[in-house]
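I am opening a notebook on a structure that is new to me, and I want to write down what I look up in the order in which I look it up.

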Amino acid sequence: MRTSVAYLFAFCRLLTGIVFLMSAVSKLRGRTAYEEFTAATRALTLLPARRVRPVAALVAAAEAAVAPLLAWGPTVLAGFCVALGLLAAFSVAILVALRRGRRVPCRCFGASAVPVGPGHLARNAVLVVAAAAGAVLSATEAVVGGSGAVLTDLGPAGLAAVALAAGATAVLLSATGEIAGLFTSTP
């Protein structure tokens with residue numbers, strides 16, 4: 001694999017895995033966090049009460065599955081596909097809430113008072129691009145059979161640089177709602 005493609009693939013893989021791991025941990029870190037996420041799921045989706053808990057559990061489990069899937073070579077494409085499916089579902093739910101004028105707090109990365117909005121859609125768009133690029137790269141002949149070794153092919157310094165960039169980007173993306181809220185809040 002060409003070096004620049006290997007760096008891009010590693011970045012997409014690490015960014016997507018880190019973001020979904022952060023999101024899952026924020027929901028599963030305690031009973032209160034999970035209950036807040038479940039309540040936000042109910043408000044955001046308008047699901048019948050009996051379906052909210054199973055859907056919330058499925059979302060948290062799917063998010064928690066993304067990072068391990070991306071970590072193991074043979075399941076990398078599946079990890080990107082799960083991430084893309086989740087991002088599509090999240091984006092549709094946000095769009096529906098916005099169209100209905102619902103101001104639902106986002107519990108994407110833990111307790112947040114910022115309602116879902118365009119900033120969350122922008123964040124999801126960035127993540128869709130990263131996950132889609134990773135999926136395309138993992139499906140190409142250049143990566144198939146070698147996706148497990150790509151990270152080690154970068155060498156320690158290259159891997160450290162990509163991990164730092166992906167980690168910083170993940171932290172920035174996880175705060176997108178709060179950052180957007182700074183510019184859209186009314187006093």
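The entries below go from a pair of helices to the nonpolar core and then to the aromatic pairs.

**Entry 1: the model.** I note before anything else that this is a predicted model, and I read the entries that follow with that in mind.

**Entry 2: two helices.** I looked up how helix α1, residues 3–28, sits against helix α2, residues 31–45, and found that their axes come within 6 Å and cross at roughly 105°. Since angles from 65 to 115 degrees count as roughly perpendicular, I therefore describe α1 and α2 as roughly perpendicular to each other. I then asked which residues of α1 and α2 meet. On the α1 side they are Ser26, Lys27 and Leu28, and on the α2 side they are Ala33, Tyr34 and Phe37. Sorted by class, this contact of α1 with α2 has four nonpolar residues, one polar residue and one charged residue.

**Entry 3: the core.** I turned next to the largest nonpolar core, which has 22 residues, and looked for the members that touch the most other members; these are Leu15, Phe20, Val66, Phe80 and Leu127. The elements that give two or more residues to this core are α1, α3 (49–71), α4 (76–99), α5 (118–139) and α7 (155–174). Which element gives the most to this core? I found that α1 does, with six residues.

**Entry 4: Phe20.** I picked Phe20 out of the core and listed what it touches, not counting residues up to four places away in sequence. The list holds Glu63, Val66, Ala83, Leu86, Leu87 and Phe90, and in it I recognise Val66 from the core members I named above.

**Entry 5: aromatic pairs.** How many aromatic pairs does a search of the whole structure find? The search finds two. In one of them the ring centres of Phe9 and Phe80 are 6.3 Å apart and the planes stand at 55°, so I record the pair as tilted. Because Phe9 lies in helix α1 and Phe80 in helix α4, this pair ties together parts that are 71 residues apart in sequence. I also checked whether these two are buried or exposed: Phe9 is buried, with a relative accessible area of 0%, and Phe80 is buried with a value of 0% as well.

Tyr34 and Phe37 also form an aromatic pair, again tilted, at 6.2 Å centre to centre and 55° between the planes. Both residues lie in helix α2, three residues apart, which is about one turn of the helix, and both are buried. I add that Tyr34 and Phe37 appear in Entry 2 too, where they meet α1.

Conventions. Residues are numbered from 1 along each chain as its sequence is written. This is a predicted model: local features need pLDDT of at least 70, side-chain atom pairs count only at pLDDT 80 or more; totals for chains, interfaces and linings use all residues. Side-chain values use heavy atoms; hydrogens and water are left out. Axes are lines fitted to C-alpha atoms, for helices over the stretch in contact, and angles run from 0 to 180 degrees between N-to-C directions. Helices (H or I, at least four residues) and strands (E, at least two) are DSSP runs, numbered from the N terminus. Angles under 35 degrees count as roughly parallel, over 145 as roughly antiparallel, 65 to 115 as roughly perpendicular and the rest as oblique. Contact means heavy atoms within 4.5 Å. Ala, Val, Leu, Ile, Met, Phe, Trp, Tyr, Cys and Pro count as nonpolar, Asp, Glu, Lys and Arg as charged, and the others, Gly among them, as polar. A nonpolar core is a set of buried Ala, Val, Leu, Ile, Met, Phe, Trp, Tyr and Cys residues joined through side-chain atoms within 4.5 Å. Buried means under 20% relative accessible area, exposed over 50%, partly exposed in between (1.4 Å probe, protein chains only). Rings of Phe, Tyr and Trp (its six-membered ring) pair if their centres lie within 6.5 Å; planes under 30 degrees apart count as stacked, over 60 as edge-to-face and the rest as tilted.
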